[in-house]
Amino acid sequence: MNFEHSEFLYLFILTSALGLILISLAILRRRSLPKRTGVTSLILRVLCLLSLIAGLLGPYLEEISQKASATLLLDISESMNEETASLLLAQVKNYQAAGIETKILPFSESTAPLSSLVPNPDFKKIRTAWSKLNIGQTNLEGSLDSINQTNLILISDGFETKGDSNLVITSLKEKAVKVYPLTPESNTAQEGSLSISKLYAPLIAPAEKSVDIRTTIENKTTADQSGMLEVMHGDKLLYKKIVNIPANSEKLIITQSNPSEDGIAEVEAKFTPVDPKLSSTSLTTYISGAERDKILLISGNDSDQRLLKQLLAGQKYKLETLSNPSSSSIIKNLNDYAIVILNNTAKSQLPTSLPKRVNEYVKQGGSFIMIGGNRSFGLGDYKDTPIEEALPVEMVPPQTTKKRLNVAVSLVMDKSRSMANNDKIIYAKEAAAAVINSLKNEDYIQVIGFDSSPFIVVKMEQLATNRSSALERVTRLFPAGRTNLLPALHEARRSFAKVNAGRKHLIVLTDGKIPTAGAYYSELIAQLRSGGVTVSTVMLGSETDTQELRDMATQGGGAFYQTTDARSLPKIFLDDIKVSTGERTLKEQSEYTVRRGPDGILSTSITAFPPLRGYVQAKRKPKSDLELVVYNNDKAEPLLVSWSYGKGKSIAFTSDANGRWSSYWASWPKFTNFWVDIIDSLVPQNKEQTENINFDLKRTVEKGNLKLDLAVYNENVSGAISAELRKPDGSVISVNFEQVAKGRYKASIADAIAGRYDLEAKIGNSKLNPVAFHLSGDLFGEKKGQGYNIPQLEKLASETGGMLNPPAAELLKEANRSITKTDLSSIFYILATILFLLEILKRELGLRLYKRAAIPS
C-alpha cells in the first residue's frame, strides 16, 4: 500500500500511541472514570479518529504492467506481389502471439484510418476493401508522416510513385518512431521474367453459355520454365495444371467460363513458378453473365419437388427451391422472381402473410402457378383466400364422402415399456380403434405392435370379415421390452405386397428414439414407395431427436406429426387417414383422358397428352382460358386453366407433377417440354428487361483521364446513352457519352485511379448488360516485378533505430509501462462514519440505563 499524503503518517502514529495509552489507563483505572463512560466508547472514539487520519493519508494500491504495441503500415498498391505480401502479413501473427497489440494502416496513394488487425488477415481482401485509396499510386512519404507510435512494422516494396520517404526520416526520429520493415527471405529482381502477361475474357457471357478465357504466360528467361496455373471464375476453379513454357516464348491457355455464373463475377488467373526464385503473378478481369430469370419453387415435401427440380435446373432459369416449408419459413421479396410456383403445398405450411403477398405480386405483374396434389387447391384449404382470388379457378372445398377406391392401412405401433407412462398405450389403442371404425368394409387393416421384435396384433384382412375381432385384438396391446422398428417395417412391407388395394398407407407411432440403422430405413421406405405405399410417422413426446422419423415421412410421401399429449393420438390418426385416402374433391382412378379445352391450348405447343391417374376438382372462373380438361365419366373438368390478373398472369394445373397421378407423364418424352412451355408462357410484365444488345467497351488511360469507347452492333438500337459509373473509391458518377458515329460513343472521365469500375448504361429505353473492368496500376506508374527496394528499406530502418525483420523481443523492448492506482480513502472514511455512529449509539444506550438505575425503587 502507498500513500498520496505521507506527511499525515506521523500524526497517525502519534494518535495511535496516545490512543493506546488512554485505553490502557482506562482499563487500569476503570473505577476512577465517570460511571456513564465506558472503555468501549473510548476505543470506538480512538478507532474513529484513526480511520479519519488514514483517509487523509490518501492510501492506494498500485498495479504496474508493461504492454507492447505496434502499428502495421501495409502497402496495398498494385506493385505489391500478392503472394509475397500474404507471407509477410502472416509473420505479424508471431508478434501478436508474443503479446504485441497491433493495429493496421493500409496505404497506397493515401492512407486508411487506423484500425485493429483482425486474426488471420487476408491481403487480397484488404486490398479490395481499400482500393478507394488509389492502388495505382504509392505515397510512402505521406503514410510515414502520419505515424506517431514508437513501433512501426512496414510491409512495402519500398518503391514510390509519389513523394520521397527520405524527407520524412528526420520527423520520424524526432517522434522516436522506429521503422521495422519486413522483407522476403529471397528478394528477386526478375519477378517479371516469368509471368502472366495477358488475361482476356469478353465483357458479357450469354445466359447459361460458356465463353473463352485466354491466359498468356510469358517466359523471358533463357531456360525452359514451368509452373502451376490456376484460373478461377467466381468461386469455381476452372483450371489447375502444370504448364511448361519454352525459353523466350509465350504460351496461350484457353479455358471455358462457368456458364452458371450470373451477373458480374471476377476472373482471376494465378501462375506460380516451380522455381522458388521466381515469384507468382496474377491478373484479374470480369465477365458479366447475362442474368437468368429466377423461379421460386415451393413444394410440400422433397418427393413433390423431385421431378420439377430436375427438369427446371437444367434450363435457362435460375431455380430456387423451398421444400416442406412451415409457418416460420422466411420467403424473401417475391418481386425478385419472374415466376412463383406453389407445388402441392397446404396453406397451413406457409407463412401467414404469404397468400396476400402472392396476390399483390401477381397484381403488380408477377407470374404464378399452382400445381395440384393431395395438399393443394381445395384440399389445401385455399378456399376464400387471396391465392384463390389470383387464380383462374374456384376451389371446391373438401367433402366428407370418401372416394370408393379401397384402402389398405397398416398401423405399426410402439408397445415398448415406456408406452406405459402417462396412459400412452391406452390412447394408442383408442387411436387404432378409431381408424378401424372409420374404414369401410372393403378396406384392409393391419396392426403390428413392436418392442424389440414385431408382434402381429391384427392380420392384414378386409374389415368386412374381421372388424369385430380387430377391435377386440387391439385391446390386447400391452407395453414391454425395448424399441426396434426395422423388423416391424419389414413385416408391414410383406403384408402390403399380398393385397390388391387402390391406396396403401402405413402409420408409424413411437415415443422414443429408434435404433440407428444407417441406410436400411431409407432403402426400406424406398421399397414401400415402389410398392405404392405412402408412409406417415408420429412422435409421441419431445425428448428425442425426430430427424429419422421426419426423413421417413418425407421419403414416404406422407406426413410427420409430433405431440406431447397422448389424448390427441386418435385425432392425428384419423386426420392422416383422411388426407391419405382422399375425399370427393380428390379424383383418382386408373386413368383419366386428357383433351384440349374449349378455349384452345395457349401455354404450350404440345397438342397430345398421356392420361392421368388423378386430379383435384376445381371450377373455372369467367374470363379464364380453359386450355386442357380431364374426362371423368364423360364429364370434362379443368386441368390447365390460365388468365391475366391485374398486371400479371396465373395458371392452375389441377393434377400433380410428382409422379403419383402423373406417372404416365413422368415417363413421357415431352414432360420437360410441357413444363418449359408453361413457364415460358408466363412473361412477367413488371420486370425491366435487359435487351440482348451486342456491344463492346474499350478502355484506355491518357494523361490521367479514363477514355471509354462504346461500340453498339445492333442496327435497330439507337438513341442517347445514359450511364452511371462506380469508381474504385466507391463514388458513383454520371457519364456523358457523345455519339461520334452510328453505333459509336465516346466518353472521358477525369482523375482516373487503378481498381475496379462498374458501368450501367441505357440506350434510349433499352438497358445494356451491366459490366465491370479493372484498370491496372501499371497505367499509373506502378511497376510489377521489381522485387523489394532493400537499400531504401534498410535506410529507413537504420536511421530511425529499427531493423529489418525484427524478432518479437526487439519490439517488446519498447513496451509502455503503465500504472493502475486503486484509491482506498473512501473505505476509511466510511469506516470512520460507522465507528462514530456506533459510539453515539453506545453512549445513548448507556445513558438511558444509568438514568433507569438512578430512579429509586
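This is a short dialogue on reading a few features of a predicted model.

Visitor: Let's start with the interior. Which residues have the most contacts inside the largest nonpolar core?

Guide: Keep in mind that the model is predicted. The largest nonpolar core holds 71 residues, and those with the most contacts inside it are L72, L73, L74, I155, L706, L710 and F737. Take L73 as a case: leaving out residues up to four places away in sequence, L73 touches L105, F107, L140, S143, L144, I147, L152, I153, L154 and I155. Another core lies apart from the largest one; it has 35 residues, including L628, W668, F674 and I678.

Visitor: Now a polar residue in a loop. Is Q349 buried or exposed?

Guide: The cut-off for buried is under 20% relative accessible area. Q349 has 13%, so Q349 is buried. Its place is the loop between strand 17 (339–343) and helix 8 (354–363). Beyond its neighbours within four places in sequence, Q349 is in contact with G300, N324, P325, S326, S327 and R375.

Visitor: How should I read the buried residues of a helix?

Guide: An α-helix has 3.6 residues a turn, so residues three or four places apart point the same way. Here, look at helix 14 (residues 547–556), whose buried residues are L549, M552, A553, T554 and G556.

Visitor: What do the buried residues of helix 14 pack against?

Guide: Their partners are three helices and three strands by name: helix 7 (302–313), helix 12 (486–496) and helix 13 (520–530), along with strand 23 (503–510), strand 24 (533–540) and strand 25 (557–563). Just after helix 14 comes G557, with a positive phi near 75°.

Visitor: On to sheets. What is the strand order in the sheet of six strands?

Guide: This open sheet runs 22-21-20-23-24-25, and its pairing is mixed. Strand 22 (454–462) and strand 25 are the edges; each has a single partner strand, so one side of each has no neighbour in the sheet. From one strand to the next, the twist averages 10°.

Visitor: How many bridges join strand 21 to strand 22?

Guide: Six, and the two strands run antiparallel. As one pair to find, I445 has E461 of strand 22 as its bridge partner. Helix 12 packs on this sheet, touching strands 20, 21, 22, 23 and 24, and its direction makes about 165° with that of strand 21.

Visitor: Which strands are at the edges of the five-stranded sheet?

Guide: That open sheet has the order 8-14-13-10-11 with mixed pairing. Strand 8 (204–205) and strand 11 (236–245) are its edges, each pairing on one side only. Strand 8 runs parallel to strand 14 (residues 281–289), joined by two bridges, and I204 stands opposite S288 in strand 14.

Definitions and conventions
Residues numbered from 1 in each chain as written. Predicted model: local features only at pLDDT ≥ 70, side-chain atom pairs only at ≥ 80, totals over all residues. Heavy atoms only, no water. Core = buried A, V, L, I, M, F, W, Y, C linked by side-chain atoms within 4.5 Å. Buried < 20%, exposed > 50% of the residue type's maximum accessible area, 1.4 Å probe, protein only. Contact = heavy atoms within 4.5 Å. Helix = DSSP H or I, 4+ residues; strand = E, 2+ residues; numbered from the N terminus. Pairing = 2+ DSSP bridges. Axes fitted to C-alpha atoms, helices over the stretch in contact; angles between N-to-C directions.
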